[in-house]
Amino acid sequence: MVICAASIAGSAMAKTPTVADLLSQLIALHQQLLQLLIQQQNQSKPLLYGAPDNATTTDQNSSFFKFDSASMNVTSGKGRYSDQADFKISFKVGLQGKDMYINNVNAVNPGIIVKTSNDQIISVSCSSPDSAYYDYTNKFFVIYSGQTKTITCSGHIDPQTSGQYYAYISDLKWSYSYKDIPDFGVTRNGFEPMLFLETDTVYLTKIN
């Protein structure tokens with residue numbers, strides 16, 4: 001009976017956790033919860049990040065996004081006609097492990113949103129000088145996994161009023177397969193590298 005009682009007492013003591021045990025279990029649960037949150041975020045967030053200047057098409061980064069060039073050229077009206085301007089903005093983009101479908105600027109739901117200061121109405125077209133696959137029927141680019149392709153957007157500004165003008169890309173949206181409405185997107189406010197997708201500012205004189 002004494003042995004049995006001692007055994008029962010020992011068993012009871014073994015089942016009673018100490019403060020250190022409880023703290024250890026709490027830390028383990030916290031780590032598991034953190035890992036689950038990280039996995040959920042990785043599954044839900046778009047795979048697009050800024051890439052280093054020396055990144056190439058063979059880099060094993062999860063993604064590639066880089067400003068290429070931007071220009072704004074003024075056509076002077078010489079005091080008789082309104083000044084006008086032509087601009088061009090170019091960037092490189094791609095994903096590692098996923099194909100990237102980008103609706104063109106003239107699609108029903110464009111994946112490339114080009115704007116100018118003063119909310120000026122402009123004509124814009126986008127193409128790929130290094131030949132990203134393009135679907136002419138549905139108006140979208142396809143950049144296959146591991147590729148880095150260039151997209152160049154060109155436009156024309158005919159000002160309604162005299163003032164300072166510049167052009168910029170405000171949004172970039174894409175999907176992993178063709179979608180009428182893109183699944184993912186980044187903006188200038190939330191994705192700092194897009195702040196470079198902007199031309200210089202020029203003054204355009206409007207002649208009535």
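## A tour that starts at Ile169

Select Ile169 and show what touches it: setting aside neighbours within four places in sequence, you should find Ile89, Phe91, Ile112, Ile113, Val114, Cys153, Arg188, Met194 and Leu197. Keep in mind that this is a predicted model.

**The core around it.** Now widen the selection. Ile169 is among the residues with the most contacts inside the largest nonpolar core, along with Val93, Ile102, Ile112, Ile151 and Leu172. That core has 34 residues. Which strand gives the most to this core? Colour strand E2, residues 84-95: the strand contributes six residues.

**Zoom out.** Switch to a cartoon view. You'll see two helices and twelve strands, and reading from the N terminus, both α elements come before the β elements. The protein has 208 residues, with 35% of them buried. Try drawing the contacts between residues at least 6 apart in sequence: 69% of these join residues at least 24 apart. If you turn on the surface, its accessible area comes to about 12600 Å², with 54% belonging to carbon and sulfur atoms.

**Arg188 and its partner.** Go back to Arg188, one of the contacts of Ile169. Arg188 forms a salt bridge with Glu198, and the closest N and O atoms are 2.8 Å apart. Both residues sit in the loop between strand E11 (184-187) and strand E12 (202-204), ten residues from each other. Is Arg188 buried or exposed? Its relative accessible area is 17%, so Arg188 counts as buried, the cut-off being under 20%. Glu198, on the other hand, is partly exposed at 28%.

**The other salt bridge.** A search of the whole structure turns up two salt bridges. For the other pair, select Asp183 and Lys179, where the closest N and O atoms are 2.6 Å apart. Here Asp183 is partly exposed, at 44% relative accessibility, and Lys179 is partly exposed as well, at 32%.

**Two backbone stops.** Next, have a look at phi angles. Most residues other than glycine have a negative phi, so positive values are worth a click. Ser131 has a positive phi of about 65°. You'll find Ser131 in the loop between strand E5 (122-127) and strand E6 (133-135), and with a relative accessibility of 56% this serine is exposed. Then move along to Lys139, where phi is again positive, at about 60°. Lys139 belongs to the loop between E6 and strand E7 (140-143) and is partly exposed, with a relative accessible area of 31%.

**A nonpolar patch.** Select Leu23, Leu26 and Ile27 with the surface on. Together they form a nonpolar patch with about 290 Å² of accessible area. Leu23 lies in helix H2, which covers residues 19-44, and is partly exposed at 49%.

**Colour by confidence.** Finish by colouring on pLDDT. The mean is 82, and 79% of the residues reach 70 or more. In residues 1-9, though, pLDDT is below 50, and beyond near neighbours in sequence this stretch makes zero contacts in the model. What about residues 41-47? Their pLDDT also stays under 50, yet the model gives them eleven contacts beyond four places in sequence. Where pLDDT is low, the predicted coordinates should not be read in detail.

Note on methods
Residues are numbered from 1 along each chain as its sequence is written. This is a predicted model: local features need pLDDT of at least 70, side-chain atom pairs count only at pLDDT 80 or more; totals for chains, interfaces and linings use all residues. Side-chain values use heavy atoms; hydrogens and water are left out. Patches are made of residues with over 30% relative accessible area and no salt bridge: like charges are joined within 9 Å, nonpolar side chains (Val, Leu, Ile, Met, Phe, Trp, Tyr) within 5 Å. Accessible areas come from the Shrake-Rupley method with a 1.4 Å probe; for residues, only the protein chains shown count as cover. A salt bridge is a side-chain nitrogen of Lys or Arg within 4 Å of a carboxyl oxygen of Asp or Glu. Helices (H or I, at least four residues) and strands (E, at least two) are DSSP runs, numbered from the N terminus. Buried means under 20% relative accessible area, exposed over 50%, partly exposed in between (1.4 Å probe, protein chains only). A nonpolar core is a set of buried Ala, Val, Leu, Ile, Met, Phe, Trp, Tyr and Cys residues joined through side-chain atoms within 4.5 Å. Contact means heavy atoms within 4.5 Å. pLDDT is the predictor's confidence in each residue, from 0 to 100.
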